[in-house]
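Please work through the exercises below with the structure at hand. Each task is followed by a solution in steps.

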Amino acid sequence: MRSHKAIAMMAAPLLGILSLAACTPAGSSDDTEAVSIDQDWSTADPITIDVFDVPANYQGIQSGWFGKLVKDKFNMELNIIAPNVAGGGDTLYNTRVAGGELGDLVLVGKGQQLDELVEGGLVLDASPYYDSMKNLAAYDVAVQKLNDGKDGVYGFPTSATTLKPTEPAQNIDPTFGPFLRWDYYAEAGYPEIGTLEDLLPVLKEMQDAHPKADNGKPVYAISLFKDWDGNMMVMGKQPTTLFGYDEMGFVLAKADGSDYQSIVDSDSEYVRALRFYNEANQMGLVDPESTTQNYDTMFAKYQAGQVLLSWWPWLGQSAYNTEKNMADGKGFQLVPMQDQKIFTYGADVYGGGLVYAIGSKAEDPARIAAFIDWLYSPEGVRATSSDTMGAAGPKGLTWEDGPDGPVLTDFGRKAILEGDADVPAEWGGGKYKDGSSALNASAVLPAEEDPETGFPYNYKSWPSYQETVANPLTDDWSAHMGGAKTTMEYLEKSDQMLVAPGSGYAAPTDSSEIEAARNQVKASIVEHSWKMAFAKDDAEFDALLAEMQETVNGLGYEKVLEVDMTNAKDQNAARVAAAEELG
């Protein structure tokens, strides 16, 4: 299972080299004629395309059932190029951009990153193909907004939706939240949790009672990873979301626009989160391999029951809440924290923080345009968002039509609810999870209605799913959460979430001066953050905090902060406008 990086962190712009190898956009709608993509691509000559994919956690040729599906429909293989896997932060992006070719298909950040690639001529104007991209017609508002001010159609939004911006983009679980091993929490007597720091004694009691997992390996309350660190330590950002904040560069901005914080301020929610980890580590609650492991290693520990706290439902629950575990009363569920106001993304009519674009040097741009359009079709949405805990996968394999709506097949129950399954040879063979889409993005919001079933793409919303998965875990959770059937229902009833209206806002491109300063500053913040989380005592933590503040100020932090603060306030203005216009 690969994670949903795009929403764990704001898609941090991997700002490249603006001298880019080209100075003008590649082609424009004025000098090209319409080209139809409506043909049988399965009979075309075979091709392999390079896919530069910011959120991907797998590198190499897409294999398995999704690889076969793409091969059968388009006679095309996807060679995934993943900066997350390659390591080195922005190095891979900058190197390829400097070479003048990022990929045949790219999945990059909206705003700064896309603007940079358009300006440098690294992505293609897809205007000739757009009129025949019929699946995108329903999301034309988002496409037009994304390309506003450009001389063509260069980007295509992810997480497209027709829902209102004031409605939560999630309908079952929020993006963030304090998800604990509920069975151990229950065993501890459902202790009261007033605020963030109150989690620590609860977690210690749970860890002390269960020091080893079933595989004999040690259990830790908390396990961390570095793969996605950007402007800050990404795992340091997550606890701030419990109180309504999300990031904008070096700013934490509250969903309702009521507060904006510099992350390095001593009393910021970010520094509070680092203190939380440090105190946890001093209590022996943090996995000592956190500083060296990657996401996949950490995920395997969740699957084995070696971790007790998850900030994301699509981590702990997708890893451990198998049908068997839940039938045994075991699994991750959100715990009631009295002062939480969880940041919740509103449905973004203008799309999410990542965009698809066609590389300017692609050999067969029409085929890639057809593939992009397919991603927005019911078949494409089901296939590509299944890996981000949304849709159920291919019809006929993981689900089928039932008398009262879609239902999971026996294979689907095993693959999705029991953790994994062997895919039949005719579907590509291998393990289901290994063969799922490595793109790691949903073109359409899983809460959208599937026009072919009349139900949301998200299988957890299906009546058949909710009827059949009632189990000791969810029954006990519901009984202690006011009868709520879903996490979102509980948060809505208890007024414990803040919805940030979807606005389509994307921060403008940094100047070269700000970009250079940001790159130095964020490297220092990330380095110091990890040291602070693992400081030997409070005195060392405070000394490292002071050192970080002095260092980043010397690197131009205040100038970058001023830009981020302006962007954060502009983002809030866009949210207010979207809510008034479309909400």
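The exercises that follow concern a predicted model.

**Exercise 1. An aromatic pair**

Task: Determine how the rings of Phe 74 and Phe 371 are arranged, and state which elements the pair ties together.

Solution.
- Step 1. A pair of aromatic rings is described by the distance of the centres and the angle of the planes.
- Step 2. For Phe 74 and Phe 371 the centres are 5.6 Å apart and the planes make 90 degrees.
- Step 3. Ring centres must lie within 6.5 Å for a pair, and planes over 60 degrees apart count as edge-to-face. The pair of Phe 74 and Phe 371 is therefore edge-to-face.
- Step 4. Phe 74 belongs to helix H2 (residues 64-74) and Phe 371 to helix H15 (residues 365-375), so the pair ties together parts that are 297 residues apart in sequence.
- Step 5. Buried means under 20% relative accessible area. Phe 74 has 4% relative accessibility and counts as buried; Phe 371, at 0%, counts as buried too.

**Exercise 2. A second pair and the wider set**

Task: Classify the pair of Phe 225 and Tyr 295, then place the ring pairs in a wider setting.

Solution.
- Step 1. The ring centres of Phe 225 and Tyr 295 are 5.3 Å apart and the planes stand at 70 degrees, so this pair is edge-to-face.
- Step 2. Phe 225 is found in the loop between helix H9 (199-209) and helix H10 (234-237), while Tyr 295 is in helix H12 (residues 295-303); the pair therefore ties together parts that are 70 residues apart in sequence.
- Step 3. Both Phe 225 and Tyr 295 are buried.
- Step 4. The count of aromatic pairs in the structure comes to 33.
- Step 5. Ring pairs also build a cluster, whose members are Trp 65, Phe 66, Phe 74, Phe 371, Trp 374, Phe 411 and Tyr 432.

**Exercise 3. Salt bridges**

Task: State how many salt bridges the structure holds, and describe the bridges of Asp 90, Asp 542 and Arg 367.

Solution.
- Step 1. The structure holds 29 salt bridges.
- Step 2. Asp 90 is bridged to Lys 522, with the closest N and O atoms 3.3 Å apart. This pair links distant parts of the chain, 432 residues apart: Asp 90 is in the loop between helix H3 (83-86) and helix H4 (91-98), and Lys 522 is in helix H21 (residues 512-533). Asp 90 and Lys 522 are both buried.
- Step 3. Asp 542 is bridged to Arg 275, and here the closest N and O atoms are 2.8 Å apart. Helix H22 (residues 538-554) holds Asp 542 and helix H11 holds Arg 275, so distant parts of the chain, 267 residues apart, are linked. Asp 542 is partly exposed, with a relative accessible area of 37%, and Arg 275 is partly exposed at 33%.
- Step 4. Arg 367 forms a salt bridge with Asp 364, for which the closest N and O atoms are 3.0 Å apart. Both Arg 367 and Asp 364 are buried.
- Step 5. Glu 197, Glu 269 and Arg 272 are joined into one network by salt bridges that share partners.

**Exercise 4. Positive phi values**

Task: Asn 75 has a positive phi value, and so has Tyr 190. Decide for Asn 75 and for Tyr 190 whether the residue is buried, partly exposed or exposed.

Solution.
- Step 1. Phi of Asn 75 is near 50 degrees. Asn 75 is located in the loop between H2 and strand S3 (76-81).
- Step 2. Asn 75 has a relative accessibility of 13% and therefore counts as buried.
- Step 3. Phi of Tyr 190 is also near 50 degrees. Tyr 190 is located in the loop between helix H8 (182-187) and H9.
- Step 4. The relative accessible area of Tyr 190 is 28%, so Tyr 190 is partly exposed.

**Exercise 5. Surface loops**

Task: Which residues form a patch of negative charge on the surface, and where does Ser 258 lie?

Solution.
- Step 1. The patch of negative charge gathers Asp 265, Asp 267, Glu 558 and Glu 562.
- Step 2. Asp 267 is in the loop between strand S9 (260-262) and helix H11 (269-282). With a relative accessible area of 67%, Asp 267 is exposed.
- Step 3. Ser 258 is in the loop between strand S8 (251-254) and S9. Its relative accessible area is 52%, so Ser 258 is exposed.
- Step 4. Ser 258 and Gly 390 are 132 residues apart along the chain, and their C-alpha atoms are separated by 31 Å.

Definitions and conventions. Residues numbered from 1 in each chain as written. Predicted model: local features only at pLDDT ≥ 70, side-chain atom pairs only at ≥ 80, totals over all residues. Heavy atoms only, no water. Patch = residues over 30% accessible without salt bridge, like charges linked within 9 Å, V, L, I, M, F, W, Y side chains within 5 Å. Areas by Shrake-Rupley, 256 points an atom, 1.4 Å probe, with all protein chains shown as cover. Salt bridge = Lys/Arg side-chain N within 4 Å of Asp/Glu carboxyl O. Lys, Arg positive; Asp, Glu negative; His and termini not counted. Charge placed at Lys NZ, Arg CZ, Asp CG, Glu CD. Helix = DSSP H or I, 4+ residues; strand = E, 2+ residues; numbered from the N terminus. Buried < 20%, exposed > 50% of the residue type's maximum accessible area, 1.4 Å probe, protein only. Phe/Tyr/Trp six-rings, centres within 6.5 Å; stacked < 30°, edge-to-face > 60°.
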